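Reader: I should like to learn how to read a protein fold step by step. Could the discussion proceed by short questions and reasoned replies?

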Amino acid sequence: MRKHYIFAYDISDDDRQAALRKVLQAYATGCQDSLYECYLNDGDYKEIVHHLQRILTASDCCVAFLRPDARQLLGSARDLQYQPFIVC
């Protein structure tokens with residue numbers, strides 16, 4: 001069963017930031033700047049934690065991740081609706 005996680009990071013080193021971004025983008029269902037939303041099974045979660053331990057070796061890195069309770073989430077997304085058009 002997949003669980004909902006939110007990852008946020010503040011990393012000053014560009015190489016580590018890029019490495020972490022690449023890992024999170026592989027699992028993300030949505031993102032905005034340094035915030036990633038993921039739905040992970042236990043194996044995916046363990047794999048991300050393994051990558052985090054390898055990437056985050058300096059004290060100038062900060063990564064936070066949490067599992068929000070569905071009752072704490074506000075709003076809901078709707079599918080985009082638009083009228084079809086033709087460009088000639």
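Author: The questions below concern a predicted model, and they go from the overall pattern to single residues.

Reader: Which pattern does the chain follow when read along the sequence?

Author: The secondary structure comes to two helices and four strands. Read from start to end, these elements follow the pattern β-α-β-β-α-β.

Reader: In which order do the four strands stand in the sheet?

Author: The four strands form an open sheet in which the pairing is antiparallel. From one strand to the next, the twist averages 20 degrees. The order of the strands is S2-S3-S1-S4.

Reader: Which strands stand at the edges of the sheet?

Author: The order of the open sheet is S2-S3-S1-S4. A strand at an edge has a single partner strand, so one side of it is left without a neighbour in the sheet. The strands in this position are S2 (28-32) and S4 (61-66).

Reader: How many bridges pair S1 with S4, and which residue in S4 stands opposite Asp10?

Author: Strand S1 covers residues 3-11. S1 and S4 pair in the antiparallel sense over six bridges. Opposite Asp10, the residue in S4 is Cys62.

Reader: In S3, which residue is the bridge partner of Tyr5?

Author: S1 also pairs with S3, in the antiparallel sense and over six bridges. The bridge partner of Tyr5 in S3 is Cys38.

Reader: Which strands does helix H1 touch, and what angle does its direction make with that of S1?

Author: Helix H1, residues 14-27, packs on the sheet. H1 touches S1, S2, S3 and S4. The direction of H1 makes with that of S1 an angle of about 165 degrees.

Reader: Is H1 roughly parallel or roughly antiparallel to H2?

Author: Helix H2 consists of residues 42-55, and its axis comes within 10 Å of that of H1. The two axes cross at roughly 175 degrees. An angle over 145 degrees counts as roughly antiparallel. Therefore H1 stands to H2 as roughly antiparallel.

Reader: How do the residues of the contact of H1 with H2 divide into nonpolar, polar and charged?

Author: On the side of H1, the contact includes Leu20, Val23 and Leu24. On the side of H2, Ile48, Leu52 and Ile55 are among the residues that they and their neighbours in the contact meet. The division is eight nonpolar, one polar and three charged.

Reader: Which residues touch the most other members of the largest nonpolar core?

Author: The largest nonpolar core has 15 residues. S1, H1, S3 and H2 each supply at least two residues of this core. Ile48 offers an example, since, leaving aside neighbours within four places in sequence, Ile48 is in contact with Phe7, Val23, Leu24, Tyr27 and Leu40. The members that touch the most others are Phe7, Leu24, Leu40 and Ile48.

Reader: Which residues make up the uncovered face of S3?

Author: S3 has two faces, one covered and one uncovered. The covered face holds Tyr36, Cys38 and Leu40. The uncovered face holds Leu35, Glu37 and Tyr39.

Reader: What is the count of buried residues in S2?

Author: Four bridges join S2 to S3 in the antiparallel sense. Gly30 stands opposite Glu37, and the bridge partner of Cys31 is Tyr36. S2 is nevertheless hardly covered. Among its five residues, the count of buried ones is zero.

Reader: Where does Asp33 lie, and what is its phi?

Author: Asp33 lies in the loop between S2 and S3, in a hairpin that has two residues between the strands. Asp33 is exposed, with a relative accessible area of 70%. Most residues other than glycine have a negative phi. Asp33 is not a glycine, yet its phi is positive, at about 50 degrees.

Reader: What separation do the C-alpha atoms of Arg2 and Asp42 have?

Author: Arg2 has its place in the segment before S1. Leaving aside neighbours within four places in sequence, Arg2 is in contact with Tyr39, Leu40, Asn41 and Asp44. Arg2 and Asp42 are 40 residues apart along the chain, and their C-alpha atoms are separated by 7.6 Å.

Reader: What percentage of the contacts with a separation of 6 or more joins residues 24 or more positions apart?

Author: The chain has 88 residues, of which buried residues make up 23%. Among contacts with a separation of 6 or more, the share of residues 24 or more positions apart is 71%.

How values were computed
Residues are numbered from 1 along each chain as its sequence is written. This is a predicted model: local features need pLDDT of at least 70, side-chain atom pairs count only at pLDDT 80 or more; totals for chains, interfaces and linings use all residues. Side-chain values use heavy atoms; hydrogens and water are left out. Two strands pair if DSSP finds at least two bridges between them. Axes are lines fitted to C-alpha atoms, for helices over the stretch in contact, and angles run from 0 to 180 degrees between N-to-C directions. Contact means heavy atoms within 4.5 Å. Angles under 35 degrees count as roughly parallel, over 145 as roughly antiparallel, 65 to 115 as roughly perpendicular and the rest as oblique. Ala, Val, Leu, Ile, Met, Phe, Trp, Tyr, Cys and Pro count as nonpolar, Asp, Glu, Lys and Arg as charged, and the others, Gly among them, as polar. A nonpolar core is a set of buried Ala, Val, Leu, Ile, Met, Phe, Trp, Tyr and Cys residues joined through side-chain atoms within 4.5 Å. Buried means under 20% relative accessible area, exposed over 50%, partly exposed in between (1.4 Å probe, protein chains only).
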